[in-house]
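Biologist: I should like to learn how to read a binding site in a structural model. Could you guide me through an example?

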Amino acid sequence: MLRNTPAFILNPLQALGRYSQLLFHAFGAIPEFGTYRKNLWEQMVRIGVESLPIVMMAAAFSGAVTTVQTSYQLVFPLIPKGIIGAIVVPSMILELGAVVTGFILAGRVGARIAAELGTMRVTEQIDALEAMGLNSIGYLIVPRVVAGIVMFPVLYVAACFVGIGGGMLVGDLGGFVPIGEFVDGAREFFQPFDPLFGVIKSLVFGFTITSISCFKGYYTKGGAEGVGRATTQAAVASCVFLLLADLVLAVILL
Amino acid sequence: MKYSNEIKVGVTIILATVVFILGVRYFEDLPLFNSTYGLTAEFDNAGGLIAGNIVRVNGVAVGSVNAVYISEESGKVIVDFHVDKNIPVTEGSEAVVAGFDALGVVRLELKLGDPNVPRIPEGGLVSGLNPGDLIGQMTERAPEMMDGADRVLGQLEGVLAEANTMLASPESDFRQTLRAVQGSVDEVETLLSEERERISDILGNVDRLTADLDTAAGEDGEAVTALMDRLNTMMTTLDADLESYSATNEQLQEILRKLNDGDGTLGMLINDPSMYHRLDSTLTGINALVADFQNNPEKYLKEMKLVDLF
Amino acid sequence: MISVQQINKSFGQKHVLKDVSLDIPEGETLAIIGRSGSGKSVLMKHIIGLMQPDSGRVFVDGVNINDISYAELRRVRQHFGVLFQGGALFDSMNSFENVAFPLRTFTSMNESEVRNVVQECLSMVELEDVGLKMPSELSGGMQKRVALARAVALRPRYILYDEPTSGLDPETSNTIDELIKNLANQLNVTSIVVTHDMHSVLNIADRAAFIYEGRMHWTGTMDELHKSKDEILTAFVTANEYKIGV
Ligand SMILES: Nc1ncnc2c1ncn2[C@@H]1O[C@H](COP(=O)(O)OP(=O)(O)OP(=O)(O)O)[C@@H](O)[C@H]1O
Ligand SMILES: [Mg+2]
């Protein structure tokens, strides 16, 4: 029966199965803290701390652009300018902060993880780890995924902070809305659940991006070309599943 | 050197946590470092109040609403909220839901009690005021008010037009004309003094309702919109009438001046300047009010949050 | 004691190992020879459980390693040192850290003990000075030797060498051969050496196993190799341009 199932159905199913299996193994390796402790710190620095500048830059620009664009779209003169703040702040907190960070990390972190693990696979470094008696999944994948889950919310907070700050600053300097009115408007419509939702979202994004990239990298086949393929696939798949997760979370939680 | 990764990560995470907490408190409009304390209030109707709405005392934001839910026992609306620790929410303080639900700008307004009595303890109950359905009342009465104002103004205009016509006919007997003028002016006078009370009543009503509007926004957004439309129409009418008024008024003054200067025997009007003054002051009063309304609509509209409507 | 029993392995349509059986007693040095692509590296990976046979079994110290939990398999693997064909150095670490990695991971040595052992291992492969160099800064042969130092750092009971001397000059090759011999003799290590280099085979091996077209074509001691009349085997051996027995 399986033989007659077309490949375009079978391949994704097989991939999903192997992905789940990998996650299952990784989950089982979590208690072996000693295996990945050192790597965890390193990955947290590489995924989290070192991504801060680029994430903050992108967030600052998207916050500024959102402010300018919102004030451009609100042409009716009687609308209080504070509305700009009431639109920019939730946009940043609910969507932009996490998604901008997500896309940047999908490119920056996702591609790097896949390339690293892919190279280790094709040069037998993963085999070498295994041959020593080390749990390669615990050693390589757990710290990356955990670092993603822990550091992504940190990056999200930084993105929101800088994005809202950038929006305020550009709004004020560009003469669109004074900072005071911006803040008042934002406060008027502020929901404490929004930042919580953003953090949940960024946790999920962090997991999605790192686990998919680890999966693509860990099962790389076919030399340098395979590494290239895995890298591209990791970045693309991370973005696609990030958007999917975004939608699912919005439907479930909002 | 060996711990540098750990330190980098730790510092980053701690910074992010601090920024997150302070940021949320900042936009919740809570004091960044002061602690708060929780209180509860009970209402018949939440009027659209939701978690996250601001709590204000005398127009100053001092906290926010944690949760709004229906009590299982009483079926009443329970509102949990917190305010800055420094705010003396004493016994006798009252809470009222204020703002426009239709615009999503609802908040909890606290009226503080006597500062000399003890505070309501943490988690204690602040009595909730349930506003009457003032909007509804006002909406019902609006057409009536408008009709009244219209009628008065229409009559005034008619009278003045009559006076005008009489003056325009040079053949008519002067005395007769004067008598007619006098009669007309009498008529105007009575009419005005009669209607003036009604006008001031109406204006008083508008005034009170305007003041109430701020606190009494009910959940019926459509009624509010309808009311605003009517107020708008009234403004336009007043505006139109005002122009003919000031024209007529000038003519009237012209007549009176002529009478005054031209013939000393025409004592009636001269001997009774108070009538003229009353007429004049009444007209100026309306004039000023309407002009004010026209020039500074925000003054009235701000009260009613009309601006937010657009 | 390692025992490979009738294993078969296919990759897709390609049947790489066909009914391969092999016994390696404790302390023996076995050379696995065969043409390129005949399945030597695949066989080696089966011995440490990096690949699962389609059928057949692999026993290490009497334990069927295809029939135990992952945790147990990892304990078995800790008795092994493996030199991969491409070296497989961790390219995120320098040479010193590569050699130190198993020591730091599996022993409770302090830093100065680790440094001593690493230095000793690096000097065994005549690379005392490359500790701070990254793998990408080393020549292929140097990478291979650092990888060898890493494989022997824990003094394992079994060492698998996949072409330890390929890409090395004759002199260094001799050094490596001596090292393999010394480890085998002094520490009673059981060694499996995959190689093309008949000179090495004759120098270090107790026995040889010849894989031909995926089958275990011939096994025997060095003496038997000298005397063998097997055409395929002698063709392979003489292709190395070494005159047997000279
Ligand atoms: N992971 C794999 N997937 C598919 N085929 C493989 C895989 N590994 C090895 N093969 C195939 O198995 C055969 C044997 O490969 P192996 O690496 O064992 O050769 P070898 O005897 O070590 O050759 P060499 O001396 O060149 O290293 C080759 O034809 C190779 O194509
Ligand atoms: Mg090989």
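Modeller: The following turns discuss a metal ion and the ligand beside it in turn. Please keep in mind that this is a predicted model.

Biologist: Which residues coordinate the magnesium ion (ligand 2)?

Modeller: One looks for donor atoms within 2.8 Å of the metal. Here the magnesium ion (ligand 2) is coordinated by OG of C:S41 and OE1 of C:Q85, at 1.9 to 2.2 Å. These two residues link distant parts of the chain, being 44 residues apart. C:S41 belongs to helix α1 (residues 40–47) of chain C, whereas C:Q85 sits in the loop between β6 (80–83) and α3 (95–106) of chain C.

Biologist: Is C:S41 buried, exposed or partly exposed? And how should C:Q85 be classed?

Modeller: A residue is buried under 20% relative accessible area and exposed over 50%. C:S41 has 21% relative accessibility, so it counts as partly exposed. C:Q85 has a relative accessible area of 35% and is therefore partly exposed.

Biologist: Which side chains have a polar atom close to an oxygen atom of ligand 1?

Modeller: One examines pairs of N or O atoms within 3.5 Å. A polar side-chain atom of C:K40 lies 2.8 Å from a ligand 1 oxygen. For C:Q85 the distance is 2.7 Å, and for C:H196 it is 3.0 Å. The protein covers 65% of the 630 Å² of accessible area that ligand 1 has on its own.

Biologist: Which element gives the most residues to the shell around ligand 1?

Modeller: That element is α1(C), with 3 residues. By type, the shell around ligand 1 divides into 3 nonpolar, 7 polar and 4 charged residues.

Technical notes. Residues are numbered from 1 along each chain as its sequence is written. Chains are lettered from A and ligands numbered from 1 in the order in which they are written. This is a predicted model: local features need pLDDT of at least 70, side-chain atom pairs count only at pLDDT 80 or more; totals for chains, interfaces and linings use all residues. Side-chain values use heavy atoms; hydrogens and water are left out. Donors are N, O and S atoms within 2.8 Å of the metal (3.2 Å for Na, K and Ca); water is not among the atoms, so sites may look incomplete. Helices (H or I, at least four residues) and strands (E, at least two) are DSSP runs, numbered from the N terminus. Buried means under 20% relative accessible area, exposed over 50%, partly exposed in between (1.4 Å probe, protein chains only). A polar contact is a pair of N or O atoms within 3.5 Å; within protein, one must be able to donate a hydrogen and the other to accept it, and residues adjacent in sequence count only if both atoms are side-chain atoms. Accessible areas come from the Shrake-Rupley method with a 1.4 Å probe; for residues, only the protein chains shown count as cover. Ala, Val, Leu, Ile, Met, Phe, Trp, Tyr, Cys and Pro count as nonpolar, Asp, Glu, Lys and Arg as charged, and the others, Gly among them, as polar.
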